[in-house]
Amino acid sequence: MSHVFPRHTKSELPIAAGGEGCYLIDSTGRRYLDCGDAAVSCLGHSNAAVVKAVQEQVEQIAFAHTGFMTSEPAEALADLLIEYAPGDLDRVYFVSGGSEATEAAIKLARQYYLETGQPERRHVIARRQSYHGNTLGALSAGGNEWRRAQFAPMLIEMTHIAPCYEYAEKTEGESSFDYGQRVANELEAEILRLGPGTVMAFMVEPVVGATLGAVPAVEGYFTRIREICDKYGVLLILDEVMCGMGRTGHLFACDHDGIAPDILCIAKGLGAGYQPIGAMLCSGRIYDAICEGSGFFQHGHTYIGHPVATAAALAVVRELTSRDLPARAGVMGDKLQTLLESRFGQHPNIGDIRGRGLFRALELVSDRETKAPFDPSRGVAASIKKAAMAEGLICYPMSGTRDGRNGDHVLLAPPFIIEEEQLTELVDKLDRAITSVI
Ligand SMILES: Cc1ncc(COP(=O)(O)O)c(C=O)c1O
């Protein structure tokens with residue numbers, strides 16, 4: 001009998017025993033093509049450079065508390081991230097995962113406004129159908145009703161505007177551009193409703209991951225969002241925890257949209273699964289306000305800036321940049337899109353095939369014409385997850401796509417090292433899994 005407290009008490013899980021490139025291997029020797037449990041593995045499971053970096057760092061110095069010492073890998077990683085980071089992002093605050101990054105971002109936004117003499121700024125606006133993590137602050141920002149519901153009485157009050165979800169929410173006759181402007185303008189309306197001097201930040205995923213299934217915004221949306229934030233002095237926090245670190249074809253996902261945030265959150269692909277690590281990057285202006293004010297950010301966890309975690313991430317980012325892997329994610333992602341379209345483009349129950357780079361999704365519907373979702377009681381996403389595992393494929397099906405309850409999608413986020421024949425293997429296995437369920 002196990003003493004591990006699992007995610008689901010009724011599931012029986014295989015034991016992960018090994019990893020080789022894009023495959024996970026269980027204790028019976030069975031191989032699973034890892035196409036994105038949660039979009040972590042960008043380099044596959046046996047990257048020699050990252051493994052070596054971890055081993056060498058543990059041997060040199062495993063831990064030194066950041067209240068007393070900094071470390072070489074943390075310094076080098078911060079330099080490297082800032083070299084590539086968009087806009088005037090200038091400082092990196094290391095944490096141990098995505099929720100810690102978004103949580104820190106929310107607190108930094110608040111402290112920035114205290115340091116600059118605007119204590120009335122306290123509201124965070126985010127979007128419906130978003131996910132920013134599971135700690136209470138991050139969950140408050142998230143806009144997925146199912147994830148929030150049971151903790152609702154404990155959440156911080158934050159408000160949510162519409163996502164930019166063209167497939168389901170653009171009205172007939174409306175152009176993509178006009179739709180994007182309309183939903184971006186909801187931000188301005190919400191700022192005015194709350195009182196412009198009271199809003200501190202808008203938090204958004206550049207490409208929505210877990211809750212919508214690889215949904216990028218339409219052209220012009222983020223330009224308008226940036227304009228609105230600038231007009232009202234609202235900090236733009238981009239959550240690139242899932243879509244960042246090269247997954248969408250750019251090291252930073254917002255590079256595609258040609259805008260830069262004031263605060264940016266990354267995790268998942270930053271450690272590529274070799275170590276738990278996340279980071280919050282902020283602009284020089286925000287850092288200077290803290291520096292010239294109280295001099296310290298009133299936050300922190302024991303393991304921030306962990307030498308082994310930062311050494312692993314340093315090796316990961318070096319791999320990503322020196323091998324131009326984000327560009328490869330772009331090229332292989334286009335190939336995956338073509339394969340998905342040729343296999344599922346006419347499927348009666350697949351309404352949309354979307355995404356950017358190696359961050360793709362299929363949205364499942366009961367009727368392609370009306371785009372009506374399946375009855376949630378059918379549990380389509382959960383069944384596909386199980387069927388895909390049985391086929392030797394790890395992907396990320398999720399339900400509640402439309403409103404937290406209705407809708408299903410399958411998210412695909414393979415490692416950037418994936419080869420063409422493995423893309424075919426992915427589509428074949430997914431096809432068999434979907435066919436067995438629907
Ligand atoms: C966009 C986004 N933000 C935050 C998080 C939370 O990250 P973590 O699970 O590492 O705490 C996730 C996790 O899926 C995510 O997708």
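This report walks through the ligand site, a small sheet and the cysteines of a predicted model.

**Around the ligand**

Let us start with the ligand and its neighbours. Which residues are around the ligand? They are Gly97, Gly98, Ser99, Tyr131, His132, Gly133, Glu205, Asp239, Val241, Met242 and Lys268. Sorted by character, this shell divides into 3 nonpolar, 5 polar and 3 charged residues.

Some of these neighbours place polar side-chain atoms at short range from the ligand, and the table lists them with their distances.

| Residue | Ligand atom | Distance |
|---|---|---|
| Serine 99 | oxygen | 2.5 Å |
| Aspartate 239 | nitrogen | 2.7 Å |
| Lysine 268 | oxygen | 2.9 Å |

How much of the ligand does the protein bury? Taken alone, the ligand exposes 390 Å², and the protein buries 82% of that.

**A sheet and its hairpin**

Next, look for an open sheet of 4 strands, which run in the order E1-E2-E3-E15 with mixed pairing. Strands E1 and E15 (393-394) stand at the edges, and each has a single partner strand, so one side of each is left without a neighbour in the sheet. As general background, strands of a sheet pair through backbone hydrogen bonds, either parallel or antiparallel.

Now zoom in on the pair at one end of that order. Strand E1 covers residues 16-20 and strand E2 covers residues 23-26; the two pair in the antiparallel sense over 4 bridges. You can follow the pairing residue by residue: glycine 19 stands opposite leucine 24 in E2, while glutamate 20 has tyrosine 23 in E2 as its bridge partner. The hairpin of E1 and E2 has 2 residues between the strands, and there glycine 21 takes a positive phi near 55°.

**The cysteines**

How many disulfides does the structure hold? The count is 0. In general, a disulfide is a covalent bond between the sulfur atoms of two cysteines. The cut-off used here asks for two cysteine sulfur atoms within 2.5 Å. Cysteine 254 is in no disulfide, and its nearest cysteine sulfur, that of cysteine 243, is 8.6 Å away. Cysteine 395 is in no disulfide either; the nearest cysteine sulfur belongs to cysteine 35, 7.7 Å away.

Are these two cysteines, 254 and 395, buried or exposed? Cysteine 254 counts as buried because its relative accessibility is 1%, and cysteine 395 counts as buried because its relative accessibility is 6%. The cut-off behind both verdicts is that buried means under 20% relative accessible area.

Methods
Residues are numbered from 1 along each chain as its sequence is written. This is a predicted model: local features need pLDDT of at least 70, side-chain atom pairs count only at pLDDT 80 or more; totals for chains, interfaces and linings use all residues. Side-chain values use heavy atoms; hydrogens and water are left out. Buried means under 20% relative accessible area, exposed over 50%, partly exposed in between (1.4 Å probe, protein chains only). A residue is near a molecule or strand if one of its heavy atoms lies within 4 Å of it. A polar contact is a pair of N or O atoms within 3.5 Å; within protein, one must be able to donate a hydrogen and the other to accept it, and residues adjacent in sequence count only if both atoms are side-chain atoms. Accessible areas come from the Shrake-Rupley method with a 1.4 Å probe; for residues, only the protein chains shown count as cover. Ala, Val, Leu, Ile, Met, Phe, Trp, Tyr, Cys and Pro count as nonpolar, Asp, Glu, Lys and Arg as charged, and the others, Gly among them, as polar. Two strands pair if DSSP finds at least two bridges between them.
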